[in-house]
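Q: I'm new to this one. Can you put it up so we can go through it?

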Amino acid sequence: MKTLTQVVFWTVQASALLVFVVPFSVGLVVLWAISHFLRAIGLTLAFHRYFAHRAFKMHRAAQFVWAFIGTAAMQKGPLWWAGHHVNHHRFADREGDPHSPMVSGIYYAHIGWFLNDLKHDRLEPTNPVIRDFSKFPEIRFLSSYFFVPPLLLALAMYAIGGFPWLVWGFCVPTVTLAHSTFAINTVNHLFGSRRFDTIDESRNNAFTAFFAVGEGWHNNHHRYQRAARNGFYWWEFDPTWYTIRLMQMVGLVWDVQPVPDRIYAEAIATRERHRTHKTISVVDDIGPIGLELAEDND
Ligand SMILES: [Zn+2]
Ligand SMILES: [Zn+2]
């Protein structure tokens, strides 16, 4: 099973190169965008903010639809994904974190853990995701047969638009989406700004936030995981949050967890502390350099 997973994973990764042999058109780029961003919302809205963090409650049909779309991202099943993510927060950047560049190096934190994790692969039945969401047969089905939704997507693309649609609607977006998700585990624990002094290395990064539909505000998220939004301010692009708000308006989502006032107060206090107790570092001698701190100056 492990070998099969690895063969399929690397085959799909390599298949993105087919982009150079199929004709290019604006329509195909739009197809890439729909396939990438819609499945990204499935992952972040359902797998991450709902199954792992319970940031809101959701109608059972919507729960299935988004879980199905998320599973089509080809990042295994919802219970596996969210269960491991809970452990990421529990041990963030310490021994026990399934994917920390600090603990296991960048390659392992980016891809290795996903393909052949010998240390953390088994999830305990007491894991809150397994304990509470495996009672839904349709979620159990997606978790056991996680290869079905991506396979259906690939077949549908080929049936509708032939080889160009298979490449632009499945191969390329599946690869960009894999690295957008994986980058939250690596890039967002290495590069970016820190609004909150969390005990882990989490960072906010506008670039990863764009491709991972809001998940790049990762330092915010590590500070307060329960919130339905990861962008804590209107200027922090978070399309997953806009989707949750829309679903709330039509009654598909309720009990949406806000960012508490005390967290906003802490953000202001931390900014003030960083300003007044600035640690002198080597970069101070060469003048200011354009790091990614802009959003903290607003
Ligand atoms: Zn993290
Ligand atoms: Zn999380």
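Q: Let's start with Val86. Why does Val86 count as buried, exposed or partly exposed?
A: This is a predicted model. Val86 has 18 other C-beta atoms within 10 Å; buried would take 20 or more and exposed 12 or fewer, so Val86 is partly exposed.

Q: Where does Val86 sit, and what does Val86 touch?
A: Val86 is in helix 4. Not counting residues up to four places away in sequence, Val86 touches Ala52, Asn127, Pro128 and Val129.

Q: And how far apart are Val86 and Val148 in space?
A: They are 25 Å apart, C-alpha to C-alpha, with their positions 62 residues apart in sequence.

Q: New topic. How many residues are in the largest nonpolar core?
A: That core has 52 residues. Those with the most contacts inside it are Ala46, Phe47, Tyr50, Phe51, Phe56, Ala82 and Leu166.

Q: Which helix gives the largest share of this core?
A: Helix 9, with 14 residues.

Q: Back to Tyr50. What is Tyr50 in contact with, leaving aside neighbours within four places in sequence?
A: Tyr50 is in contact with Leu45, Ala55, Phe56 and Met58.

Q: How do helix 2 and helix 12 pack?
A: Their axes are 9 Å apart, at an angle of about 75 degrees. Angles of 65 to 115 degrees count as roughly perpendicular, so helix 2 and helix 12 are roughly perpendicular to each other.

Q: Which residues make that contact?
A: Helix 2 brings Ile41, Thr44, Leu45 and Arg49, and helix 12 brings Pro239, Thr240, Thr243 and Ile244. Of these residues, 4 are nonpolar, 3 polar and 1 charged.

How values were computed
Residues are numbered from 1 along each chain as its sequence is written. Chains are lettered from A and ligands numbered from 1 in the order in which they are written. This is a predicted model: local features need pLDDT of at least 70, side-chain atom pairs count only at pLDDT 80 or more; totals for chains, interfaces and linings use all residues. A nonpolar core is a set of buried Ala, Val, Leu, Ile, Met, Phe, Trp, Tyr and Cys residues joined through C-beta atoms within 7 Å. Helices (H or I, at least four residues) and strands (E, at least two) are DSSP runs, numbered from the N terminus. Two residues are in contact if their C-beta atoms, placed from the backbone, lie within 7 Å. Axes are lines fitted to C-alpha atoms, for helices over the stretch in contact, and angles run from 0 to 180 degrees between N-to-C directions. Angles under 35 degrees count as roughly parallel, over 145 as roughly antiparallel, 65 to 115 as roughly perpendicular and the rest as oblique. Ala, Val, Leu, Ile, Met, Phe, Trp, Tyr, Cys and Pro count as nonpolar, Asp, Glu, Lys and Arg as charged, and the others, Gly among them, as polar.
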